[in-house]
Amino acid sequence: MTRNTGYVWHERYAWHDTGTFAGIVPPGPTVQPFHNFESPESKARLNSLVEVSGLIERLTPIRPRPATEEDVLRVHTARHVEHIRSQSLLPLGDAGDGWSPFGRGGYEIAMLAAGGTISATEAVLSGSVDNAYALVRPPGHHAERDLGMGYCLFANIPIAIEVARARYGVERVAVVDYDVHHGNGTQHIYEDDPDVLAISLHQEFLFPQNTGSAAEMGVGRAEGTTINVPLPAGSGNGAYLASLQRVVLPALRAFRPQLVMVASGFDASAVDPLGGMTVTASAYRAIAENLVDVAEEVCDGRIVFSHEGGYSPVYVPYCGLAVLEAMSGIETGVLDPYAFSFENSPAHQLKPWQDDVIAEAEVLARRLGLVV
Ligand code: 3YP
Ligand code: ZN
């Protein structure tokens, strides 16, 4: 069965300028200039593979509209929006935490990134496509209401969720975040909102270093609607697929959202400079297949993927293509050229110390079934 999958990309996303850094630090007398890990490469090259594979011809292109101020202000403070706007006049501004540089005009590109996630969501909710992938940049899952951080200027997914609630009558939404870093922004924006379930699978103590523990479960009436799975460094396909089967899918079935949003970062991949996991394209494909299936079961297939991190310019394209193939049910015949090396490693077996973390989160998913 094939599906009508919408796809967002805009050349301007590649023009978002993160400065001449050496990975994550500014250059200096003893730090040779390089580029920021968050560069256009991995994302532009994913788009290139979508074109060269021919998949682009079989997806429905969605033109991103810029987010409006009204859209952004449903999530962020006026102070934060003003901060990004004024930093955007500088040759190199920062979103707020010192880790998130961006060049002149970054405000407009960030509005187009949030808008890309909105446009993808609107296309799904209006029924013009079955599901959609927004290949946007800059990313969004670290952005707090009043602060940009971790390369994120605006909270792309929450901004799109609030459009869905304000204008499309959507009430309950689940966010699944498989980026290797903790989705702190999404979690904090919705920690006291019982109608948004936020699930984050991430490497423990990576970034931010002080959030993302399993003990963070939501606040007040929303207790139980935050689920963190802080996996130990070194986790591979076994740990990710077990987390999916034992935590993510049961939680989605219990919560029965009307819309599923996915924070789709590929920095848990086998060769990412910022992550310490070993996930491969075949596991990203299996994760996407299962998420699409459960969305069909609980919400008529309404699922939107919004791109986050992923810093291997050579491998991210194959991970992203695998997800797009799973979403559309279309096989391009392009094979993962790294499979011979990455797929058969013993690193993928579920280890007892990974199992323990999943078992703890499994309790939270089961409890969700009792409270909602
Ligand atoms: C931002 C600065 C150091 C780590 C980094 C994380 C960015 C990311 O991919 N978040 O999902
Ligand atoms: Zn990340």
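Biologist: How far is an oxygen atom of ligand 1 from an N or O atom in the side chain of His181?

Modeller: First, this is a predicted model: local features need pLDDT of at least 70, side-chain atom pairs count only at pLDDT 80 or more, and totals for chains, interfaces and linings use all residues. Side-chain values use heavy atoms, without hydrogens or water; residues are numbered from 1 along each chain as its sequence is written, while chains are lettered from A and ligands numbered from 1 in the order written. A polar contact here is a pair of N or O atoms within 3.5 Å. For His181 and ligand 1, the distance is 3.0 Å.

Biologist: Which residue has a polar side-chain atom 2.6 Å from a nitrogen atom of ligand 1?

Modeller: Careful, there are two histidines to keep apart. His141 has a polar side-chain atom 2.5 Å from an oxygen atom of the ligand. The one facing a nitrogen atom, at 2.6 Å, is His142.

Biologist: How much of ligand 1's own accessible area does the protein cover?

Modeller: On its own, ligand 1 has 320 Å² of accessible area (Shrake-Rupley method, 1.4 Å probe). The share covered by protein is 95%.

Biologist: Which residues of the zinc ion (ligand 2) site are its protein donors?

Modeller: Donors are N, O and S atoms within 2.8 Å of the metal (3.2 Å for Na, K and Ca), and sites may look incomplete because water is not among the atoms. Here the donors lie 2.0 to 2.7 Å away, with Asp179 giving OD twice. In sequence, the donor residues follow D-x1-H-x85-D. They are Asp179, His181 and Asp267.

Biologist: How many residues apart in sequence are the parts that Asp179 and Asp267 tie together?

Modeller: Helices (H or I, at least four residues) and strands (E, at least two) are DSSP runs, numbered from the N terminus. Asp179 is in the loop between β6 (173-177) and α6 (184-190), and Asp267 in the loop between β9 (259-264) and α8 (281-299), so the sequence gap they bridge is 88 residues.

Biologist: What is unusual about phi at Tyr151, and what is its value?

Modeller: Most residues other than glycine have a negative phi. Tyr151, in the loop between β5 and α5, isn't a glycine, yet its phi is positive, about 75°.

Technical notes: A polar contact is a pair of N or O atoms within 3.5 Å; within protein, one must be able to donate a hydrogen and the other to accept it, and residues adjacent in sequence count only if both atoms are side-chain atoms.
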